[in-house]
Amino acid sequence: MEFFHTIIAILESTIRVSVPLIFAALAGLFTERAGVFDIGLEGKMLGAAFAAGAVAAVTGSVIMGLLAAILISVLLSLVHGYASITQRGSQIVSGVAINFIVAGSTVILGEAWFKQGGRTPALAGDARFQTVTFPFADAVKDVPIFGPIYSNLLSGHFILTYVAFLLVPFSWWILYRTRFGLRLRAVGENPGAVDTAGISVIWLRYRAVICCGILCGFAGAYLSLAMSAGFVKGMTAGKGYIALAALIFAKWRPVNIMLACLLFGFLDALAIRLQGNPLPLIGQVPVQLMQALPYILTVILLAGFIGKAIPPKAGGIPYVKER
Amino acid sequence: MSNPYAKLPGWAEYGLIPLVNLVVAFLVAGLVVLLVGENPLEAAYHMINGAFGRGEYIGFTLYYATTFIFTGLSVAVAFHAGLFNIGSEGQAYIGGIGVALACLWLDKTMPWFVVFPLAIVGSAAFGALWAFLPGWLQAKRGSHVVITTIMFNFIASSLMVYLLTRVLKPLGSMAPQTRTFEAGGQLPKLDWLMSIFGLDLGNSPFNVSFLLAILAAFGVWVLIWRTKLGYEMRTMGHSPSSARYAGIGEARITVIVMMISGGLAGLMALNPIMGEQYRMQLDFVQGAGFVGIAVALMGRSHPAGIIPAAILFGMLYQGGAEIAFEMPAISRDMIVIIQGLVILFAGALENMFRPAIGRAFASIGRRSAVAAQTRGA
């Protein structure tokens with residue numbers, strides 16, 4: 001029973017840490033499927049987390065915080081879009097630039113506005129997302145097996161957590177069952193064909209980039225309004241890159257993305273749990289190895305040793321209409 | 001790749017456009033300073049004064065510049081072959097192992113000029129090793145070097161935490177770092193070079209590795225523009241299909257270029273480890289690998305451009321510390337913003353002002369042609 005409770009606890013924290021990864025990886029899915037590579041997920045998420053924390057602290061409203069996060073993230077996406085779609089600059093370079101600009105400015109502005117060493121003021125009450133308790137969660141708590149699963153694992157998360165998991169089938173539906181999704185995928189594989197059909201490649205890619213901005217906004221808002229009570233400098237701590245790794249690991253498919261994010265989240269939760277505790281059969285595993293595992297797995301996958309990850313064909317190439 | 005823009009004279013291509021991009025980047029940075037409620041001009045004054053006001057400050061500026069020359073060259077070499085090495089950060093970090101091993105082994109028995117060459121070979125070898133895998137994976141297994149090098153940065157960081165907390169740390173010490181090196185592991189400072197200009201180096205760690213950086217810059221120039229390998233690299237960078245048609249082994253070039261790039265990044269470790277701290281500490285690279293991206297973009301991947309660009313970033317780092325001291329609202333994170341803006345305007349948006357400048361040149365050209373005609377008539 002002790003073991004069972006440990007498992008439940010690890011799975012619960014798995015869900016908690018996977019949520020920002022799911023949002024960010026789905027964000028990456030939309031742009032990369034449209035042929036715009038984005039290594040600026042990290043920066044957008046960080047910018048959104050800062051905007052959410054700052055606005056929620058000032059207005060005291062969690063909704064305003066979320067909207068600010070989305071606004072800032074979309075604006076950053078549009079910068080990326082302008083550089084890589086309109087100006088046909090390097091998408092990688094633009095993403096790197098955004099990561100740095102955000103990393104620096106969140107600290108500078110946060111310190112100037114709130115003077116708390118780069119933090120935003122701690123949020124409480126309506127300024128922060130509250131957890132949702134399912135009906136009868138308390139009543140069934142003591143039922144063996146089912147009780148902990150229902151009341152600890154499924155119930156008691158933030159509303160954004162459920163939104164993240166619902167977005168997975170929703171993204172699948174958009175990408176695979178709507179006209180917009182079909183065109184979006186087409187523009188990532190063969191933009192010339194889409195252009196020939198009389199559809200604007202530029203506008204389609206801009207819409208994909210805006211979708212990415214909205215989702216990164218959710219990811220950032222989750223970090224500073226739900227997971228923690230306020231923004232802390234550098235709080236994304238590489239999550240944007242892990243999300244990128246998850247996106248590749250999932251071979252650019254929505255359901256796989258959820259599974260990859262849960263796997264990487266599980267490794268993270270396990271690493272925290274195992275700190276100092278030896279693992280049965282294997283013995284002491286260095287924490288650093290656990291932390292590096294998502295990256296190592298992604299490299300191995302990319303090398304084609306576990307299946308093959310084939311990126312969208314036109315990814316990373318700016319579209320030049322024939323002249 | 002086809003270039004849809006009008007051809008500009010060389011000085012405009014390599015001088016004016018980077019300058020315009022840089023000025024725009026600094027103007028936007030100035031806006032951030034305004035947003036914080038400080039005076040941008042005052043900040044600029046403190047920055048320049050803090051970077052060049054005294055011999056000691058200049059020493060620090062050049063110390064930082066040394067680091068950025070190495071990482072800038074590392075990124076630039078890869079650029080020439082059409083590869084984007086974001087992994088200079090991790091390669092420099094791993095390169096530190098080579099420096100530390102050479103120093104820990106011989107610092108008590110040998111003078112610095114014996115340890116230094118070994119450390120050079122060690123750092124370059126470890127850096128090259130860390131770049132070999134991403135290069136090989138791209139060449140043979142088709143995984144993209146951008147993604148793999150990002151992943152390798154994180155793996156390097158975990159690996160180094162492990163090594164410095166478990167393996168390389170002296171017994172009984174708590175801090176995650178190697179022991180302090182004896183005289184053999186300490187590079188001499190360049191006092192004599194500074195005293196030629198009548199400057200006093202003070203406490204600044206400006207050291208011999210600067211000369212190595214200049215040498216490396218020259219070496220890169222020779223490699224890219226004066227060797228067969230460099231020619232093959234540039235061919236591959238401009239047009240992979242024509243390189244293939246010409247019988248240039250793409251896989252071979254990719255691996256070699258990544259190893260050269262990683263080796264140059266690894267050399268960076270000499271400067272902070274043997275030149276300043278005399279031990280290997282956690283996170284000694286401090287983002288220099290990423291600064292290398294900005295330096296390479298600004299220097300247009302040419303050593304003659306990289307050295308001034310590296311000095312400019314050295315100025316930002318040293319002067320930025322001075323701004324943080326004089327104007328507490330502006331911490332050193334301001335440099336990170338400027339770095340990002342330079343990467344954005346000199347890299348991703350490099351063509352933004354090109355059409356306007358091209359038009360200006362075209363109209364000047366027309367006018368002078370007309371003037372010449374009327375004068376002739």
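**Entry 1: Asp195(A)**

I started in chain A with Asp195(A), which I found in helix H8, residues 191-196. A note to self before going on: this is a predicted model. I looked up the accessibility of Asp195(A) and got 16% relative, so the residue counts as buried. Then I asked what Asp195(A) touches once neighbours within four places in sequence are left aside: Val201(A), Tyr319(A) and Lys321(A) came up.

**Entry 2: Asn271(B)**

Over to chain B. I placed Asn271(B) in helix H12, which covers residues 270-277 of that chain. I wrote this residue down as buried, since its relative accessible area is 1%.

Which residues is Asn271(B) in contact with, apart from neighbours within four places in sequence? I listed Tyr63(B), Thr66(B), Thr67(B), Asn207(B), Ser209(B) and Glu276(B). With Thr67(B), the side chain of Asn271(B) makes a polar contact of 2.8 Å. I also checked Asn207(B): its C-alpha sits 7.5 Å from that of Asn271(B), with the two positions 64 residues apart in sequence.

**Entry 3: the A/B interface**

Next I turned to where the chains meet. I got 42 residues on the chain A side and 43 residues on the chain B side. The buried area comes to about 3500 Å², and carbon and sulfur atoms give 79% of that. Within chain A, I noted Phe100(A), Ile108(A) and Gln288(A) as the residues that lose the most area to chain B, together 18% of what that side buries.

How many salt bridges cross from chain A to chain B? I found 0 by the rule. I tried polar contacts as well, and the count was 0 residue pairs with both at pLDDT 80 or more. I keep that pLDDT condition next to the number in my notes.

Then I sorted the chain A side by element. Helices H3 (62-86), H4 (91-114), H10 (239-249) and H12 (287-302) of chain A are the elements that give two or more residues to it. H4(A) gives the most, with 15 residues. By class, I counted 28 nonpolar, 11 polar and 3 charged residues on this side.

**Entry 4: cysteines**

I searched the whole structure for disulfides and got 0 over all chains. I wanted to see why for two cysteines of chain A.

For Cys216(A), the closest cysteine sulfur belongs to Cys212(A), and at 4.3 Å it is too far for a bond, because the cut-off is 2.5 Å. Cys216(A) is buried, at 0% relative accessibility.

For Cys261(A), the closest cysteine sulfur is the one in Cys216(A), 12 Å away, so this pair is too far for a bond too. Cys261(A) also went down as buried, with a relative accessible area of 0%.

**Entry 5: salt bridges**

I ran the salt-bridge search over all chains and it returned 6. I looked at some in chain B.

One of them joins Arg179(B) and Asp107(B), at 3.1 Å from N to O. Arg179(B) lies in the loop between helix H6 (145-167) and helix H7 (191-196) of chain B, and Asp107(B) in the loop between helix H4 (88-106) and helix H5 (112-141), so the pair ties together parts 72 residues apart in sequence. Is each partner buried or exposed? I have Arg179(B) as partly exposed at 25% relative accessibility, and Asp107(B) as buried at 3%.

Another pairs Glu350(B) with Arg300(B), the closest N and O atoms being 3.1 Å apart. This pair links distant parts of the chain, 50 residues apart: Glu350(B) is in the loop between helix H15 (333-348) and helix H16 (354-376), Arg300(B) in the loop between helix H13 (288-298) and helix H14 (303-326). Glu350(B) is partly exposed, at 26% relative accessibility.

Salt bridges with shared partners join Lys228(B), Glu232(B) and Arg252(B) into one network. In it, the side chains of Glu232(B) and Lys228(B) meet at 3.6 Å, N to O. These two are 4 residues apart in helix H9 (residues 228-238) of chain B, so about one helical turn separates them. I noted Glu232(B) as buried at 10% relative accessible area, whereas Lys228(B) is exposed at 64%.

Definitions and conventions:
Residues numbered from 1 in each chain as written. Chains lettered and ligands numbered in written order. Predicted model: local features only at pLDDT ≥ 70, side-chain atom pairs only at ≥ 80, totals over all residues. Heavy atoms only, no water. Contact = heavy atoms within 4.5 Å. Buried area = accessible area lost by both parts, 1.4 Å probe. Salt bridge = Lys/Arg side-chain N within 4 Å of Asp/Glu carboxyl O. Polar contact = N/O pair within 3.5 Å; in protein donor to acceptor, adjacent residues only side chain to side chain. Nonpolar A, V, L, I, M, F, W, Y, C, P; charged D, E, K, R; others polar. Buried < 20%, exposed > 50% of the residue type's maximum accessible area, 1.4 Å probe, protein only.
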